[in-house]
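Colleague: Could you walk me through this model? I would like to hear the reasoning behind each label as we go.

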Amino acid sequence: SPSRPVPAILPLPMPRTDARGVRLPDGRIFVVGGRDGGGAPIGTTLFFSGSAWQMGPSLTTPRYSVSAELASDGSVYIIGGTTNGATGLTNVDHWTY
C-alpha cells in the first residue's frame with residue numbers, strides 16, 4: 001500500500017537539534033535541551049500539548065544529547081549530555097509537575 005504523508009503540526013518556536021522528548025502521563029511531550037540553529041547548547045525546555053508549545057523550566061546547565069527518563073511517579077530525570085560534543089556532563093536535573 002502507498003505510504004501517506006505525516007500531517008504537519010505546529011513547528012517548534014525555535015530551531016532545536018539533538019534534543020530529547022519524553023511523553024508525560026498527561027499526554028504532553030516534554031522537550032529537553034538541544035542545540036540552536038548556530039550549534040550552541042540550549043538551556044530551555046518546552047511542552048507540546050498537541051496544539052500549542054509552551055515554555056518549560058530552564059535546565060541547570062544548557063546542554064544537548066541528554067538522556068531524559070520518565071520515572072514511575074511521573075517526574076522526569078534529565079541526565080548527562082554535553083556542552084561541546086567532546087566532554088560528557090555528570091549533571092542530573094529532576095523535574096516534577
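Modeller: Happy to. A residue is called buried when its relative accessible area is under 20%. By that cut-off, buried residues make up 30% of the 97 residues in the chain. Please keep in mind that this is a predicted model.

Colleague: Thanks. What is the secondary structure, and what are the overall dimensions of the C-alpha trace?

Modeller: The chain has seven strands and zero helices, which gives the pattern β-β-β-β-β-β-β when read along the sequence. The C-alpha trace spans about 45 × 35 × 25 Å along its principal axes. About 5800 Å² of the chain is exposed, and carbon and sulfur atoms supply 55% of that area.

Colleague: How are the strands arranged in sheets?

Modeller: One open sheet holds four strands in the order β1-β2-β3-β4, with antiparallel pairing. Its edges are β1 (20–23) and β4 (53–55). From one strand to the next, the twist averages 25°. Another open sheet has three strands in the order β5-β6-β7, and its pairing is antiparallel too.

Colleague: What makes β5 and β7 edge strands?

Modeller: β5 (67–70) and β7 each have a single partner strand, so one side of each is left without a neighbour in the sheet. In this sheet the twist averages 15° from one strand to the next.

Colleague: How do you know that β1 and β2 are paired?

Modeller: Two strands pair if there are at least two bridges between them, and four bridges join β1 to β2. The two run antiparallel. Among the partners, glycine 21 is bridged to valine 31 in β2, while arginine 23 has isoleucine 29 as its partner in β2. The two strands form a hairpin with five residues between them. In the turn, glycine 27 has a positive phi of about 95°.

Colleague: And what makes β6 and β7 a pair?

Modeller: The cut-off is again at least two bridges, and strand β6 (residues 76–79) is joined to β7 by four. These strands run antiparallel. Valine 76 stands opposite tryptophan 95 in β7.

Colleague: Let me go back to valine 31. Why is this residue called buried?

Modeller: Its relative accessible area is 10%, and the cut-off is under 20%, so valine 31 counts as buried. Valine 31 is found in strand β2 (residues 29–32). Leaving aside residues up to four places away in sequence, valine 31 touches Arg16, Ala19, Arg20, Gly21, Thr44, Thr45, Leu46 and Trp53.

Colleague: What about phenylalanine 30: why does it count as buried?

Modeller: Phenylalanine 30 has 0% relative accessibility, so the residue is buried.

Colleague: How many aromatic pairs does a search of the whole structure find?

Modeller: There are four. Phenylalanine 30 and phenylalanine 47 form one that is stacked.

Colleague: What makes that pair stacked?

Modeller: Rings pair if their centres lie within 6.5 Å, and planes under 30 degrees apart count as stacked. Here the centres are 5.0 Å apart and there is 25° between the planes. The pair links distant parts of the chain, with phenylalanine 30 in strand β2 and phenylalanine 47 in strand β3 (residues 45–48), 17 residues apart. Phenylalanine 47 is buried as well, with a relative accessible area of 6%.

Colleague: Why is the pair of phenylalanine 30 and tryptophan 95 called stacked?

Modeller: Their ring centres are 4.5 Å apart and their planes are at 25°, so the pair is stacked. Phenylalanine 30 lies in strand β2 and tryptophan 95 in strand β7 (residues 92–95), so the pair ties together parts that are 65 residues apart in sequence. Both residues are buried. Phe30, Phe47 and Trp95 form one aromatic cluster.

Colleague: Which charged end sits over the ring of phenylalanine 47, and how do you know?

Modeller: The charged end of arginine 28 does, at 4.4 Å from the ring centre. The distance cut-off is within 6 Å, alongside a limit of 35 degrees from the ring normal. Arginine 35 likewise has its charged end over the ring of tyrosine 64, 4.3 Å from the centre.

Colleague: What share of the chain's contacts comes from residues 24 or more positions apart?

Modeller: These residues account for 32% of the contacts with a separation of 6 or more.

Methods: Residues are numbered from 1 along each chain as its sequence is written. This is a predicted model: local features need pLDDT of at least 70, side-chain atom pairs count only at pLDDT 80 or more; totals for chains, interfaces and linings use all residues. Side-chain values use heavy atoms; hydrogens and water are left out. Buried means under 20% relative accessible area, exposed over 50%, partly exposed in between (1.4 Å probe, protein chains only). Contact means heavy atoms within 4.5 Å. Axes are lines fitted to C-alpha atoms, for helices over the stretch in contact, and angles run from 0 to 180 degrees between N-to-C directions. Rings of Phe, Tyr and Trp (its six-membered ring) pair if their centres lie within 6.5 Å; planes under 30 degrees apart count as stacked, over 60 as edge-to-face and the rest as tilted. Accessible areas come from the Shrake-Rupley method with a 1.4 Å probe; for residues, only the protein chains shown count as cover.
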